[in-house]
Amino acid sequence: MGFLSTIGNFFSGAISAVGRCIGGAIKTAVGSLAHVARTVGGSLGGIFGKAAGLLGRAASIVAGPLGPILGPIVTQIIIEVAARVIERIAQELGIIDKDDKVEEVGYRLEEAGALDDNGQLKHPEWKRPEDFDNLHDYYAYLKQMVPDESIDYGKMKQNRLRYVTVGTAGLTEGWSQRMGIAITDSFILTIGRANLRQGEITAIVNAFKGLGFSSVELEAFLRGKGLSISELNRIREAIISSYQALYPNKTTDDIRLRIQEWRRAVCDDAAVGEQYKDWIQDIQSQADQGLAPEDIDFHHEPSYTKDMK
C-alpha cells in the first residue's frame, strides 16, 4: 500500500500544526523577500528575488495531491535537501569555508539587506556584492560585519526556512559564477525533488555546459518541454556520457533508469512524497513528542540522503 493511500490515517493534530505553520511561513517569506528584492536592488536584491522565486515555485506543491498539510512539509524537505548539497558544492569550490553553513549565509545576507522602520536600508554604508570580484570575498566581508557571536541563533531557528532559502540563492549565484553557466531555480528544485547526489549534479552541469547551453535546463529536458526531439536526444546522450565519466561502473541502462527516476520526481508530487516518507514520518514522530514547529529538526541526516557523492 502506497504512502498516499494511507494518508488519511497518517496525520496527527501535531503534524497538521507543523504543516500549517510552515505553510504560513512560506507565504510570509515569499512576500517579504520579494519586497526586499525590489527595495534593495542590485546584485543583493537579485539574490532576494531569486530566493522569493525559489520558495514560491517550491510551494506550488501545496496545490497538488500532497495538499495543504503535507505539501508545506515536503516543500521544506525539498529546500533542505537542495541546500545541503549546494552548501557542500560551495565548500568544495572554495566559495565558502568548510565550516560555513547555508543558513548562516542566509542570515548574513538578510542582515546586509535589512530595512529599517522607514523602509530604508539599515546598513547603507556596507559594501555591496558589486564591490567584490566574487561571492567568496563578499561573504568573507559579511563575516567581519556579522561575526559569529552576533548571530541570533534563536531567530535563525525560528525563521530557518527563509534563511536556508536565501543562503541557497546566494550560494547558487557564486556557483553559477564559478562554473560559467546559470543555475536556474528549476534546477535547484529538481536537486531537492529528485534527491540528486553531488556527482550526479556535476555530471548534469558538465553535460549542459559542454553542449553550449547558457543555463542548466534539466527540468525542461525531463518534462520534454520547449526542446526538439533531436535536442532531447543530444542532452540525454551528453548526460549519459558525463555520468559515466564520473561513475565508470554504471551502464547506459543504469543511467537511463536513473533519469526515469528524476523524471518521476519532477512530474509527480506524489512520487516525491513517497521518496521522503521516512523523513516525513520522523517529523511526525518529533511533532507527536510535543516539539514546537520551530524545534522540529529538518536538518538531520537520514541514511538514504547521506551518500551525496
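Which residues does Phe-221 touch, not counting residues up to four places away in sequence? In this predicted model, the partners of Phe-221 are Phe-208, Leu-227, Leu-232, Ile-235, Ile-239 and Ile-259, together with two arginines, Arg-236 and Arg-263.

These contacts are best read against the wider nonpolar interior. Phe-221 belongs to the largest nonpolar core, a set of 97 residues. Along with Trp-175, Phe-187 and Leu-218, Phe-221 is among the residues that touch the most other members of this core. Helix 4, which covers residues 67–92, provides the largest share of the core, with 13 residues.

Turning to the overall fold, the protein is built with 15 helices and 0 strands. Its radius of gyration is 20 Å, close to the 19 Å that the globule rule gives for 309 residues, so the protein is as compact as a globular protein of that length. The C-alpha trace spans about 55 × 50 × 35 Å along the principal axes. Buried residues account for 52% of the 309 residues. Among contacts with a separation of 6 or more, 73% join residues that are 24 or more positions apart.

The surface and the charges complete the picture. About 13400 Å² of the protein is exposed, and 49% of this area is supplied by carbon and sulfur atoms. Side chains carrying charge comprise 34 positive and 41 negative ones, and the centres of these two sets lie 5 Å apart.

Definitions and conventions
Residues are numbered from 1 along each chain as its sequence is written. This is a predicted model: local features need pLDDT of at least 70, side-chain atom pairs count only at pLDDT 80 or more; totals for chains, interfaces and linings use all residues. Side-chain values use heavy atoms; hydrogens and water are left out. Helices (H or I, at least four residues) and strands (E, at least two) are DSSP runs, numbered from the N terminus. The radius of gyration is taken over C-alpha atoms; the globule rule is 2.2 Å times the number of residues to the power 0.38. Buried means under 20% relative accessible area, exposed over 50%, partly exposed in between (1.4 Å probe, protein chains only). Contact means heavy atoms within 4.5 Å. Accessible areas come from the Shrake-Rupley method with a 1.4 Å probe; for residues, only the protein chains shown count as cover. Lys and Arg count as positive and Asp and Glu as negative; His and the chain ends are not counted. The place of a charge is taken as NZ of Lys, CZ of Arg, CG of Asp or CD of Glu. A nonpolar core is a set of buried Ala, Val, Leu, Ile, Met, Phe, Trp, Tyr and Cys residues joined through side-chain atoms within 4.5 Å.
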